[in-house]
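Work through the exercises below with the structure in view. Try each task before reading its solution.

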Amino acid sequence: LARSFLFTASFLLPAATSHAADKQVLLIAGPPSHGPGFHEHHAGVLLLQKCLAGTAGLKATVSNGWPADPAAFAGVDAIIIFSDGGVKHIALQNDHLAVLDQATARGTGLGFLHYAVEPTKEKGQAEFLRWVGGAFETHWSVNPHWDAAFTALPNHPVTRGVKPFTLRDEWYFHLRFVDGRPGVTPLLTAKPDASTTTRPDGPHSGNPAMRAAVARGEPQTVAWCFTRPDGGRGFGLTGAHYHSNWGNESFRKLVLNAVLWLAKMEVPAQGVASSVTAEELAANLDPVEPGTKKKLPLPAPAAK
């Protein structure tokens, strides 16, 4: 395995020396899941932290799992969650929805990556729609793997420097958004191909409404930003199933720009500049049981 550039079992990982005036961003990684190279939550947020390290006036902190100390949320300007969704969603456990509700009420920006855009209808969906404007809804939204071609991008701070690109991912679509979509700005839209409709009906795989939408050629939003009525900001990205996609400059830049936008920072005219090497992509991947593809739990955070 490649040498880790940031691996540690400590509770929180500071990106660099900070100052009182710095914007504070908290990057939360959910537990390991799926096979190697997929849903690499910990490695993914560490890459984002590394790429944000050169941004003046910003301090990005990584939490491996939900922060045990409530003080981790004090004064935070933006929160990004990269985790599994559904009933195991890290935000749906214990009092975590209440913690996020308090943070967003203070104006904290909030973003969800990949499976983290999916709460349950019974718990979390109302909050997700209120916080970030959209969410995956079972038996309505779908999660096929397909090549999405993003041929046009809107004029928005989050898309600065992002060039049109085509990328294969588990792009969720046919999402549920707030009624009328007030405050929602689609950032990445593409037309799903016929391969996305071949699976049978199921909570994630297919339904008549999404098949009809694909047949009509309706563009589908797979990344968006949201301005809440109180001025707070939200962001959702359905891609990032494949860890290797962080190597795509436009994909990565969109998310880095979104972090700054969520924290109400000025996004550079050409977006956040960053580079990721093959060695860095291979670093910090979840440990795997020898001779298998089964991921092992990450070391427990150090007690504080």
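**Exercise 1. Place Leu281 in the predicted model, and decide whether Leu281 is buried or exposed.**

Solution.
- Step 1: find the element. Leu281 sits in helix α6, residues 278-282.
- Step 2: check the accessibility. Buried means under 20% relative accessible area. Leu281 has 19%, so Leu281 counts as buried.
- Step 3: list the contacts, leaving out residues up to four places away in sequence. Leu281 touches Leu47, His243, Ser244, Trp246, Gly247 and Val276.
- Step 4: take a distance. Val142 is 139 residues from Leu281 along the chain, and their C-alpha atoms are 28 Å apart.

**Exercise 2. State how far the predicted coordinates can be trusted, using pLDDT.**

Solution.
- Step 1: take the whole protein. The mean pLDDT is 92, and 91% of the residues reach 70 or more.
- Step 2: look at the start of the chain. Residues 1-18 have a pLDDT below 50. In the model this stretch still has 55 contacts beyond near neighbours in sequence.
- Step 3: apply the general rule. Where pLDDT is low, predicted coordinates should not be read in detail.

**Exercise 3. Which residues of helix α3 are buried, and what covers them?**

Solution.
- Step 1: locate the helix. α3 spans residues 125-132.
- Step 2: pick out the buried residues. They are Gln125, Phe128, Leu129, Trp131 and Val132.
- Step 3: recall helix geometry. An α-helix has 3.6 residues a turn, so residues three or four places apart point the same way.
- Step 4: name the cover. It includes the helix α2 (96-105) and the strands β5 (109-113), β6 (134-135), β9, β11 and β12 (233-237).
- Step 5: look just past the helix. Gly133 follows α3 with a positive phi of about 85°.

**Exercise 4. Describe the largest pocket: its volume, its lining and the strands that supply it.**

Solution.
- Step 1: give the volume. The largest pocket holds about 190 Å³ of space.
- Step 2: list the lining. It consists of Trp140, His174, Leu175, Arg176, Phe177, Asp179, Arg181, Glu218, Pro219, Gln220 and Thr221.
- Step 3: sort these residues by type. The lining has 4 nonpolar, 3 polar and 4 charged residues.
- Step 4: link the lining to the strands. β9 (176-177) and β11 (220-227) each supply at least two lining residues.

**Exercise 5. Where do His34 and His139 lie, and what are their phi values?**

Solution.
- Step 1: recall the general pattern. Most residues other than glycine have a negative phi.
- Step 2: take His34. Its phi is positive, near 60°. His34 lies in the loop between β2 and α1. Its relative accessibility is 41%, so His34 counts as partly exposed.
- Step 3: take His139. Its phi is also positive, about 65°. His139 lies in the loop between β6 and β7 (146-150). Its relative accessibility is 52%, so His139 counts as exposed.
- Step 4: add Pro31. Pro31 lies in the loop between β2 (23-29) and α1 (41-52). Pro31 is exposed, because its relative accessible area is 53%. From Pro31 to Asp193 the C-alpha distance is 32 Å, with their positions 162 residues apart in sequence.

**Exercise 6. How many disulfides does the structure hold, and are Cys51 and Cys225 buried or exposed?**

Solution.
- Step 1: count. The structure holds 0 disulfides.
- Step 2: check Cys51. Its relative accessible area is 7%, so Cys51 is buried.
- Step 3: check Cys225. Its relative accessibility is 1%, so Cys225 is buried.

Definitions and conventions: Residues numbered from 1 in each chain as written. Predicted model: local features only at pLDDT ≥ 70, side-chain atom pairs only at ≥ 80, totals over all residues. Heavy atoms only, no water. pLDDT = per-residue confidence, 0-100. Contact = heavy atoms within 4.5 Å. Disulfide = S-S within 2.5 Å. Buried < 20%, exposed > 50% of the residue type's maximum accessible area, 1.4 Å probe, protein only. 1 Å grid on protein atoms, 1.4 Å probe; cavity = no way out; pocket = protein on both sides within 12 Å on 5 of 7 lines; lining within 4 Å. Points joined across faces, edges and corners; volume = space filled by probe spheres on them. Helix = DSSP H or I, 4+ residues; strand = E, 2+ residues; numbered from the N terminus. Nonpolar A, V, L, I, M, F, W, Y, C, P; charged D, E, K, R; others polar.
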